[in-house]
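Reader: I should like to learn how contacts, burial and sheet topology are read from a model. Please take me through an example.

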Amino acid sequence: MVRLVMLGTGHAMVTKCYNTCFVLDSDKGSIMVDAGGGNGILTQMEKAGLDWSNIRALFLTHAHTDHIMGVIWVIRQINSLIQHQKHPGPFQLYGHSKNLDYIKYSCHFLLCDSLSDRIQFLPICGGTQLTECGIDLEVIDIHSTKKEQLGFRAVIHTDDKECTMVCLGDEPCHEANEKYVKNADWLLSEAFCLKSEEQIFHPYTKHHSTAYDAGEIAQRLGVKNLVLYHTEDSDLEHRKKKYAEEAMQNFKGNIFVPDDLEVIQIS
Ligand SMILES: [Zn+2]
């Protein structure tokens, strides 16, 4: 059984929700994907009722502040738990080698305690295959024009079947990566804003896209379930309805527009 626990759902500059990051929570442990922009990650973990000792790995997509700064707090927390025998270790941190170097440097500079060697920094790049918590991950280079960014195609095994999930970080699907998305059971896609509000939020100048665009890609590539996140936060009360309605203009499968802390059953 695997659950997608959304710790945050907003873009970098949101103030009414947390930055986009989530946990893939399985019976064999949990993988955190990004950590948001700060120590709000501690609050979100507490509110979600997740146990830090189950977090066995963190997959860092890229080094923008809204994804990487929370990682320092995660390491501070995990390191302390390991040193007090409250986390079994090891804890694997996966990311681009340059980003891991930055995190290592930041931890040595900012944190008082030395890092346990049970915290392992594991460089990855497009094409890397790894298995964590019973989930097979193939790393995808999302071909960002801004900064190196990694996503993944996950194969989640359950007793009688398997399902696929694709995460492409916080940018729309590059055509070179359509092969990974094709016929995926789950696509986790950024949707910076509504197409109808494009003139207000200017998604394309920031290399982002809209709920309408995400729906179009998901439909064309035969995706079954579409999760929209990394959005603006001007109207969270109606975000779920508005974004789903717009994506639905193109996409005929299931659409999820989660709020922070919402849990989606994956398998
Ligand atoms: Zn972002």
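Reader: Which residues does N250 touch, not counting residues up to four places away in sequence?

Author: Two residues are in contact if their C-beta atoms, placed from the backbone, lie within 7 Å. By that criterion N250 touches Y212, G215, E216 and Q219. The model is a predicted one, where local features need pLDDT of at least 70, side-chain atom pairs count only at pLDDT 80 or more, and totals for chains, interfaces and linings use all residues. Residues are numbered from 1 along each chain as its sequence is written.

Reader: Where does N250 lie, and is N250 buried or exposed?

Author: Helices (H or I, at least four residues) and strands (E, at least two) are DSSP runs, numbered from the N terminus. N250 lies in the loop between α7 (236-248) and β13 (254-256). A residue is buried with 20 or more other C-beta atoms within 10 Å of its own, exposed with 12 or fewer, and partly exposed in between, C-beta atoms being placed from the backbone. N250 has 17 such neighbours within 10 Å and is therefore partly exposed.

Reader: What is the strand order of the open sheet of seven strands?

Author: Strands of a sheet pair through backbone hydrogen bonds, either parallel or antiparallel. Pairing here requires at least two bridges found by DSSP between two strands. The order is β7-β8-β9-β10-β11-β12-β13, with mixed pairing. β7 (129-132) and β13 stand at the edges with a single partner strand each, so one side of each lacks a neighbour in the sheet.

Reader: How many bridges join β10 to β11?

Author: Three bridges join β10 (residues 162-167) to β11 (residues 186-190), and the two strands run parallel. V166 has L187 as its bridge partner in β11.
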